[in-house]
Amino acid sequence: MSAELTKMTLAGARDALRRGEVTSAELTEACLTAIDGADALGAFAHKTPEKAREMAAAADKRLQSGDAPDLCGVPMGIKDLFCTQGVPSQAASRILEGFRPEYESTVTSQLFGDGAVMLGKLNMDEFAMGSSNETSAYGNAVNPWRRGNDEAELTPGGSSGGSAAAVAADLCLAATGTDTGGSIRQPAAFTGITGLKPTYGRCSRWGIIAFASSLDQAGPMTKDVRDAAILLKAMAGHDPKDSTSADLEVPDFEAMLTGDVRGKTIGIPREYRMEGMPKEIEDLWAEGRKMLEDAGATVKDISLPHTKYALPTYYVIAPAEASSNLARYDGVRYGHRAKLSQGDGIVDMYEKTRAEGFGPEVQRRVMVGTYVLSAGFYDAYYNRARKVRTLIKKDFEDVFAEGVDAILTPATPSAAFGLGEMADADPVQMYLNDVFTVTVNLAGLPGISVPAGRDGSGLPLGLQLIGKPWEEGDLLNTAYALEQAAGFVAKPSKWW
Amino acid sequence: MSEIDTETAARVAKLARIRVADDALPALAQEFGAILGFIEQLQEVDVEGVEPMVSVTPMRLKRREDEVTDGGMPEKVLSNAPDAREGFFAVPKVVE
């Protein structure tokens with residue numbers, strides 16, 4: 001029974017909780033047991049069982065009184081990037097070791113205000129910089145999926161690798177993620193779950209440890225599209241503490257899931273057909289196109305001419321913003337401070353602290369960002385990238401103006417790869433993982449990854465849908481139609 | 001591929017306030033070179049007359065009264081400091 005409980009969807013649990021068929025305490029206990037049995041996945045970096053039990057008890061009281069928002073009593077995992085009051089929040093970095101925020105991020109305070117139960121903090125790439133969860137100070141998160149009977153450990157993707165592994169392995173009913181260049185959608189695709197990056201400004205960034213502020217967005221990582229709709233509604237909304245959060249009504253996204261896409265126009269961007277793309281990915285993309293056509297949508301080929309420049313643009317803008325955001329980790333206000341030698345001054349303290357506290361990928365990006373912002377290079381790199389970003393966004397505006405409602409692309413250029421497989425590759429090879437997702441962050445658009453098929457060795461593959469700004473409801477509905485047509489129900493077999 | 005020499009790598013590390021050992025500089029310079037070579041593609045885009053993006057969603061920043069809305073919690077502010085004394089953050093001596 002207990003193992004079955006953790007397999008519930010968020011919607012299923014909500015309905016069962018409200019009908020009194022299950023209690024939050026039972027659901028929470030089942031998840032805590034599953035988590036304790038899944039240390040091999042490395043998904044939970046900090047477990048908070050006592051807090052979870054307290055929250056579940058409070059939720060059960062609230063359910064009895066009839067005042068129960070959708071998330072009331074639902075056990076969730078929270079990405080380590082979210083500041084959670086009194087609970088370690090260290091962005092999977094050594095430099096924030098021991099940091100226990102005195103405050104709660106806006107997104108998590110909304111979730112907990114609705115009665116959601118926190119099971120713990122989820123593993124991720126350090127400061128959300130990575131595509132394989134291998135840059136984490138906690139060690140790797142591991143994909144619950146394997147290539148058939150091959151025991152090689154695979155990446156759950158990154159940076160929200162712990163979130164993806166936890167949801168896919170039924171350790172929690174849903175999780176929060178964040179996405180700066182694909183960090184929700186790529187791990188969702190690698191683990192056979194649904195992941196949504198909302199429009200920039202839909203969810204408050206306040207209390208989420210910053211990576212690249214003009215690109216970062218929080219979003220839901222869930223077992224299906226309906227759950228993504230429910231969780232997005234709970235996470236979204238205007239927040240005076242984030243000046244870039246949009247003062248817009250948050251619609252009832254779940255109510256918009258009709259599965260009817262007749263009359264919708266779906267664009268297929270020719271620039272996303274990459275040289276050397278595995279045939280399985282190309283076939284899946286063609287199948288997705290057919291599924292939406294069969295559901296009554298009009299599908300047409302479109303062009304997004306600046307696609308090729310999205311990754312290089314991103315690898316100027318994101319490191320530039322990171323170098324600025326991460327300047328705050330100096331060993332003074334929180335986290336790690338290096339042991340100093342006799343006579344060391346304050347600059348020695350900064351330099352030693354940051355050398356010890358940041359891992360290699362974070363150091364690399366901070367330094368690249370420093371370089372592109374330095375005198376003499378600012379115009380050639382940073383300003384030029386901001387101009388190309390304008391052009392990338394305009395590509396999307398043009399196709400939307402021509403009547404395209406959503407854009408269908410593969411979510412990733414491959415299925416999950418092996419942990420350690422990319423160790424000898426140069427950093428740029430790893431960056432190519434984000435080739436289909438990063439445009440969406442640069443243009444501030446909503447994008448969703450939906451599991452749609454499996455590769456030859458049985459690993460899940462995802463398709464991505466990109467929507468118009470603020471139209472997550474319509475996007476979720478198209479994703480819902482795709483989900484129904486794809487009928488992806490496979491689960492990883494338990495080996496952990 | 002862009003060439004970055006070890007001197008430049010050392011200068012960037014200094015600007016970023018990250019201590020890098022001398023013997024690690026050549027490898028770092030090589031990695032920079034690979035990344036900057038990748039970024040170099042942007043030079044071929046025609047950006048004549050294009051405005052650099054300031055905000056991805058057009059929005060006017062909200063204004064509010066200039067008044068204190070939060071504060072008065074020095075203990076909380078200092079609670080995570082590696083070294084805090086007498087209500088202050090403590091750091092090594094800055095001025096001789």
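In which strand of chain A does A:K79 lie? Select residues 75-79 of chain A in this predicted model, and you have strand β2, the element that holds A:K79.

Keep A:K79 selected and display its surroundings: this residue counts as buried because 32 C-beta neighbours fall inside 10 Å, where 20 or more suffice. Beyond the neighbours within four places in sequence, its contacts include A:S160 and A:S163, as well as A:A175, A:T176, A:G177 and A:T178.

Next, add A:S159 and A:S183, which together with A:K79 carry the annotation "active site" in an unreviewed UniProt entry. Although these residues are spread over 105 residues of sequence, they cluster in space, with a largest C-alpha distance of 11.3 Å. A:S159 sits in the loop between β3 (117-122) and α6 (161-168) of chain A, and A:S183 is among the residues in contact with A:S159, as are A:D125 and A:N133.

From A:A175, a contact of A:K79, move to strand β4 (residues 174-179) of chain A, which runs antiparallel to β6(A) and is joined to it by 6 bridges. Here A:A175 stands opposite A:M221 in β6(A), while A:G195 also stands opposite A:M221; strand β5 (residues 194-197) of chain A pairs with β6(A) in the antiparallel sense over 2 bridges. Select residues 217-222 to see β6 itself, a mostly covered strand in which 6 of 6 residues are buried.

Finally, show both chains: 55 residues of chain A are in contact with 36 residues of chain B. On the chain A side, α13(A) gives the most, with 11 residues, and the residues of that side divide into 27 nonpolar, 13 polar and 15 charged.

Methods. Residues are numbered from 1 along each chain as its sequence is written. Chains are lettered from A and ligands numbered from 1 in the order in which they are written. This is a predicted model: local features need pLDDT of at least 70, side-chain atom pairs count only at pLDDT 80 or more; totals for chains, interfaces and linings use all residues. Two residues are in contact if their C-beta atoms, placed from the backbone, lie within 7 Å. Helices (H or I, at least four residues) and strands (E, at least two) are DSSP runs, numbered from the N terminus. Ala, Val, Leu, Ile, Met, Phe, Trp, Tyr, Cys and Pro count as nonpolar, Asp, Glu, Lys and Arg as charged, and the others, Gly among them, as polar. A residue is buried if 20 or more other C-beta atoms lie within 10 Å of its own, exposed if 12 or fewer, and partly exposed in between; C-beta atoms are placed from the backbone. Two strands pair if DSSP finds at least two bridges between them. UniProt positions are given in the numbering used here, feature names are shortened, and annotations may be inferred rather than shown by experiment.
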